[in-house]
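This report concerns the binding sites, the sheet and the local backbone of one protein model. Please consult the sequence and the structure below while reading.

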Amino acid sequence: MPSTAIVGTQWGDEGKGKITDIYAAEADIIVRFQGGTNAGHTVIIGEDKFAFHLIPSGMLRPGKTCMIGNGVVVDPVILLKELDELKRRRKRTGKLLIADRAHVIMPWHKIIDGLEEELKGKLKAGTTMRGIGPCYTDKIARTGIRMADLIDSRVFNEKLDLFIPMKRKIITAYGGKKRINRKKIQSDYAKYARKLRDSVVDVSLLINKALDKGKNVLFEGAQGTHLGIDHGIYPYGTSSNTVVGGACTGTGVGPSRIDRVVGVVKAYTSRVGTGPFPAELKNKTGEYMQRQGMEFGTTTGRPRRCGWLDLVMVRFSKRVNALDGIVITKADVLGGLKKVKICTEYKYNGKRMTEFPANMRVLARCRPVLKEFEGWENISQEEWKDICDKGYKALPKEMKTYLGYIRKTLDLPIEMIGLGPAREETMDLRGKRTPLA
Ligand code: GDP
Ligand code: IMO
Ligand code: MG
């Protein structure tokens, strides 16, 4: 398999975890390139369900090397918990390495995340409260702590001396009551440093060396294109670059080293958080999608808002990521609806709009233009699995029409179709001759 990047094309939770796990079978290295513990990537193998926040979704493949790139913000508390749990549940896993240049989430980032959300009022994003925004803010402001600093107690303690008084001032100015306990932080983080020290490496160097030797790397994106800091629904998105460009800066490779970009597209749209959502369904159909798709946040447990598939969004993602192909997930979830619809463009002030706007006030007033399709039956997970085994021909004919429209409109091959949450409930069309591939 050539080196491939996997990115979300919508607002996250497209099923990137499951798809990364599948592509990982053919990769030598699997690397997360941005985001942090805001991500929740689910991988289900048989009866076993894993929800990864920081650990790359290739870790369930024994023998693989997994890496956390420098573009990720690392919360050592959660990382160590995840690693412990994984060790408890699985004897054989991949091996994990962490970039020395990755930034560390500190207790004050979580405190400030909460305070800023309060103060932002209408402009709050409904963050995961994991300290993501404040940690990236410190990275850009050059007041951050990196993994390389964490494992060097001299540098780490010097940074605590400088930054803790600054952060105390900010927390007080924001009206915060929580205290920063310097002594506790110093001893807790020294413990984390001891546990993680041997895994901290120069990820860029290792990846480039591996690529030189002809190995292949799978770049695992978190969140989705429309949550990204530059191309997402600012200010309601997250603080990292979720597009494929983030895979270069977030791991230390040049763009020519990524051979292919695959976009994960959920067969409908979901959103956890605030902000405009043109194709949203605030009705029984939206509730049906939420129920059937079990659309509750992997990280926060919040219910996800649901709506029709929005191709204005996905076309945008095709452009900014230069997608080579797509994977459509959760097509099974729409089973049982009499009609299914796709948003093909927006109407704004009575006029057609074909491109996703930057202005949130405009986006909030965009109405979806919908194309209607016949629905397909709601069948059991067993039956979907059976269809996966049989291949393209066995798909319900209405679903073929629906997927065929997406394939044609986006002019991108569909590499896989997700028909259930488990690894096995996926139809792989790579290398097959079908109208979708
Ligand atoms: P990610 O953040 O993109 O990795 O996605 P999440 O794991 O947060 O959310 C996707 C949810 O849908 C998880 O609960 C998955 O187990 C589930 N899922 C993934 N693919 C499919 C699919 O094709 N069909 C169904 N029914 N569920 C799926
Ligand atoms: P995965 O990788 C869905 C959303 C939050 C909030 C906004 C900013 O599982 O697809 P943050 O905590 O990052 O500052 O929150 O972004 N958000 C996600 N929504 N899936 C995710 O990750 C998300 N990560 C962040 O709900 O609106
Ligand atoms: Mg998720």
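Which atom of ligand 2 does a polar side-chain atom of threonine 128 approach, and at what distance? The partner is an oxygen atom of ligand 2, and the separation is 2.6 Å. The model is predicted, and every value in this report is computed from it.

**Ligand 2**

The surroundings of ligand 2 comprise 23 residues, and those that come nearest are Lys16, Ala125, Thr128, Thr238 and Val272. By class, this shell consists of eight nonpolar, 11 polar and four charged residues. Besides the contact with threonine 128, an oxygen atom of ligand 2 is placed 2.9 Å from a backbone N or O atom of glycine 40. The side chain of arginine 271 also takes part, with an N or O atom 3.1 Å from an oxygen atom of ligand 2. On its own, ligand 2 has 550 Å² of accessible area, of which the protein covers 98%.

**Ligand 1**

Around ligand 1 there are 20 residues, the closest being Lys16, Gly40, Thr42, Lys330 and Asp332. Lys16 thus appears among the closest residues of ligand 1 and among the nearest residues of ligand 2. Polar contacts of ligand 1 involve both backbone and side-chain atoms. A polar backbone atom of glycine 15 is 2.8 Å from an oxygen atom of the ligand, and an N or O atom in the side chain of lysine 330 is 2.8 Å from an oxygen atom of ligand 1. Leucine 419 contributes a backbone N or O atom at 3.4 Å from an oxygen atom of ligand 1. Taken alone, ligand 1 exposes 580 Å², and the protein buries 94% of that.

The polar contacts of the two ligands are listed together here.

| Ligand | Residue and atom | Distance to a ligand oxygen atom |
|---|---|---|
| Ligand 1 | Glycine 15, backbone | 2.8 Å |
| Ligand 1 | Lysine 330, side chain | 2.8 Å |
| Ligand 1 | Leucine 419, backbone | 3.4 Å |
| Ligand 2 | Glycine 40, backbone | 2.9 Å |
| Ligand 2 | Threonine 128, side chain | 2.6 Å |
| Ligand 2 | Arginine 271, side chain | 3.1 Å |

**The second largest pocket**

The second largest pocket has a volume of about 720 Å³. It is lined by 28 residues, and Ile44, Gly293, Met294, Lys330 and Pro421 are the closest to its centre. Lys330 is also one of the closest residues to ligand 1. At least two lining residues come from each of helix H1 (16-24), strand S3 (41-45) and helix H13 (381-390). The lining divides into seven nonpolar, 13 polar and eight charged residues.

**The sheet**

An open sheet of 10 strands runs in the order S9-S7-S5-S2-S10-S1-S11-S15-S19-S20, and its pairing is mixed. Strand S9 (200-201) and strand S20 (426-428) form the edges, each pairing on one side only. S9 pairs with strand S7 (residues 95-99) in the parallel sense over two bridges. Within this pairing, isoleucine 98 has valine 200 of S9 as its bridge partner.

**Local backbone**

Most residues other than glycine have a negative phi, and most peptide bonds are trans. Arginine 142 has a positive phi, near 65°, and is located in the loop between helix H4 (132-141) and helix H5 (147-150). The peptide bond from tyrosine 234 to proline 235 is cis, with omega near 5°. Proline 235 belongs to the loop between strand S10 (217-220) and helix H9 (245-249).

Terms used
Residues numbered from 1 in each chain as written. Chains lettered and ligands numbered in written order. Predicted model: local features only at pLDDT ≥ 70, side-chain atom pairs only at ≥ 80, totals over all residues. Heavy atoms only, no water. 1 Å grid on protein atoms, 1.4 Å probe; cavity = no way out; pocket = protein on both sides within 12 Å on 5 of 7 lines; lining within 4 Å. Points joined across faces, edges and corners; volume = space filled by probe spheres on them. Helix = DSSP H or I, 4+ residues; strand = E, 2+ residues; numbered from the N terminus. Nonpolar A, V, L, I, M, F, W, Y, C, P; charged D, E, K, R; others polar. Pairing = 2+ DSSP bridges. Near = heavy atom within 4 Å. Polar contact = N/O pair within 3.5 Å; in protein donor to acceptor, adjacent residues only side chain to side chain. Areas by Shrake-Rupley, 256 points an atom, 1.4 Å probe, with all protein chains shown as cover.
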